[in-house]
Amino acid sequence: MPRISFVMPAKNRQNLIAQSIQSIIDQTVKDWELVIVDDHSDAGDKTEEVIKSFADDRIRYFKLKDENGLGIAAARNFGNQMATSDIIAVMDSDDLAYPKRAEITLAEFDKGEIDVVYAKIHMWYPETNKIENRPENFEARDFDLENFKLHDFIPHSTSAYKRKIALEFPYNSFFRMAEDYDMFSRMYVHNYKFSFIDKHL
């Protein structure tokens, strides 16, 4: 069983997903799996071909069927079900993970009695080619419920959580956005412990 499972939903990502996959391959921790769930990419899109061009047994590819549901929340839930590690790290198909993301994330879980981990994120703006922090109100910080009610300051693509909790509290498949805000809110109400890493992952 791998130490950590990256779960990546994807749709029509032929031009971006290779870089996202490579950032997982480049992790300092090599004991991982990457579960990619194709959420009904359009005919003619070459996302599947790009994924299968990586000759790496740690990469597992699934294509959602209509009976599995539609939308990114359904894709995330399916990927979480297919994952085999006790720890799931969120990874979107247009994001890049810094090389020590898995290493730092696992070290935080190793401290014990932690259910959800998240960290800071850099935002890349293709129009200007600039890399910046999130706006101040949305910058990641120690969890505080009153602030969380006002601003979703947990960058989803830096987060990781225990798989058993994700299966108990799946993403709401009716949501087409903010599915993470909803899920994390429900987890917090049920007293699961959040831990903030003051680093960019």
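These questions and answers look at how features of this predicted model earn their labels.

User: Why is R76–E179 called a salt bridge?
Analyst: The cut-off is 4 Å between a Lys or Arg side-chain nitrogen and an Asp or Glu carboxyl oxygen. The side chains of R76 and E179 meet at 3.0 Å, N to O. The pair therefore qualifies.

User: What makes this pair a link between parts of the chain?
Analyst: R76 sits in helix α3 and E179 in helix α7, so the salt bridge ties together parts 103 residues apart in sequence.

User: Why are R76 and E179 classed as they are, buried or exposed?
Analyst: Buried means under 20% relative accessible area. R76 has 4% relative accessibility, so R76 counts as buried. E179 has 5%, so E179 is buried too.

User: Which other residues of helix α7 are buried, and what covers them?
Analyst: Along with E179, the buried residues of α7 (residues 179-189) are D180, D182, M183, F184 and M187. Their cover includes α3 (72-82), β5 (116-120), α5 (145-150), β8 (160-162), α6 (163-168) and β9 (194-200).

User: What makes K162 and D115 a salt bridge, and where do they lie?
Analyst: Their side chains meet at 3.5 Å, N to O. The limit is 4 Å, so the label holds. K162 lies in strand β8 and D115 in the loop between α4 and β5, so parts 47 residues apart in sequence are tied together.

User: How do you know which class of exposure each partner belongs to?
Analyst: Values from 20% to 50% count as partly exposed. K162 has a relative accessible area of 22%, so K162 is partly exposed. D115 has 12% relative accessibility and therefore counts as buried.

User: Why are R13 and D94 called partly exposed?
Analyst: R13 has a relative accessible area of 25% and D94 has 42%, so each value falls between the 20% and 50% limits. Their side chains also meet in a salt bridge at 3.4 Å, N to O. That pair links distant parts of the chain: R13 in the loop between β1 (4-10) and α1 (17-25), and D94 in the loop between β4 (87-90) and α4 (101-109), 81 residues apart.

User: How many salt bridges does the whole structure have?
Analyst: The search finds 13. Salt bridges with shared partners join E48, K52 and K63 into one network.

User: Why is D38 said to have no salt bridge?
Analyst: The nearest side chain of opposite charge, K63, is 4.6 Å away. The limit is 4 Å, so the pair fails the test. D38 is nevertheless buried. D38 belongs to strand β2 (residues 32-38).

User: What makes D38–Y61 a polar contact?
Analyst: The two side chains come to 2.9 Å. The cut-off for N or O atoms is 3.5 Å, so the distance fits. Beyond its neighbours within four places in sequence, D38 also contacts A10, T47, F62, K63 and L64.

User: Why are the phi values of N12 and N191 worth a remark?
Analyst: Most residues other than glycine have a negative phi. N12 has a positive phi, near 55°. N191 also has a positive phi, of about 70°.

User: How do you know whether these two residues are exposed or partly exposed?
Analyst: Exposed means over 50%. N191, in the loop between α7 and β9, has a relative accessible area of 70%, so N191 is exposed. N12, in the loop between β1 and α1, has 31% relative accessibility and therefore counts as partly exposed.

How values were computed:
Residues are numbered from 1 along each chain as its sequence is written. This is a predicted model: local features need pLDDT of at least 70, side-chain atom pairs count only at pLDDT 80 or more; totals for chains, interfaces and linings use all residues. Side-chain values use heavy atoms; hydrogens and water are left out. Helices (H or I, at least four residues) and strands (E, at least two) are DSSP runs, numbered from the N terminus. Buried means under 20% relative accessible area, exposed over 50%, partly exposed in between (1.4 Å probe, protein chains only). Lys and Arg count as positive and Asp and Glu as negative; His and the chain ends are not counted. A polar contact is a pair of N or O atoms within 3.5 Å; within protein, one must be able to donate a hydrogen and the other to accept it, and residues adjacent in sequence count only if both atoms are side-chain atoms. Contact means heavy atoms within 4.5 Å.
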